[in-house]
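Let's take a friendly tour of a small report on one protein model. Have a look at the picture first, then read on.

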Amino acid sequence: MKIERANKGVCSRSITFDIDSDHKVTNISFAGGCNGNLKGVSALCEGMLAEEIISRCKGIKCGFKNTSCPDQLAEALEEAIKNI
């Protein structure tokens, strides 16, 4: 299932990824934001289970913001799991 979700409170505008019925996540892509860092996050998370990504990324903050792009990915994955 392909998911696209708008981000809130961060520089990147949205996240797109695929998640299968076993919760394996692939093709993670961020629109906007810190290009190199987000390509790195995407590459490191490629092929992982959503629950593992959530446990590693949830709660990460960016500077003085209450969230971050990895935290937004974790939130998007939590929403996706509920809808599978």
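What share of the contacts in the protein with a separation of 6 or more comes from residues 24 or more positions apart? In this predicted model, such residues account for 42% of those contacts.

Now for the layout. The protein has 3 helices and 3 strands, and along the sequence they follow the pattern β-β-β-α-α-α. Strands S2 and S3 run antiparallel and are joined by 5 bridges. One pairing to look for is Thr 16 with its bridge partner Ser 29 in S3. Between S2 and S3 sit 5 residues, making a hairpin, and His 23 in the turn has a positive phi of about 75°.

Next, the inside. The largest nonpolar core has 22 residues, and Phe 17, Leu 73 and Leu 77 have the most contacts inside it. The elements that give two or more residues to this core are S2, S3, H1, H2 and H3, with H3 giving the most, 6 residues. Leu 73 touches Ile 15, Phe 17, Ile 28, Phe 30, Val 41, Cys 45 and Ile 53, leaving aside residues up to four places away in sequence. As a rule, nonpolar side chains in soluble globular proteins tend to be buried together.

Here are some values for the whole protein:

| Property | Value |
|---|---|
| Buried share of the 84 residues | 42% |
| Exposed area | about 4,900 Å² |
| Part of the exposed area from carbon and sulfur atoms | 54% |
| Span of the C-alpha trace along its principal axes | about 35 × 20 × 20 Å |

Finally, the radius of gyration is 11 Å, which agrees with a compact globule, because 84 residues packed that way would have a value near 12 Å.

Note on methods. Residues numbered from 1 in each chain as written. Predicted model: local features only at pLDDT ≥ 70, side-chain atom pairs only at ≥ 80, totals over all residues. Heavy atoms only, no water. Pairing = 2+ DSSP bridges. Helix = DSSP H or I, 4+ residues; strand = E, 2+ residues; numbered from the N terminus. Core = buried A, V, L, I, M, F, W, Y, C linked by side-chain atoms within 4.5 Å. Buried < 20%, exposed > 50% of the residue type's maximum accessible area, 1.4 Å probe, protein only. Contact = heavy atoms within 4.5 Å. Rg over C-alpha atoms; globule rule 2.2 N^0.38 Å. Areas by Shrake-Rupley, 256 points an atom, 1.4 Å probe, with all protein chains shown as cover.
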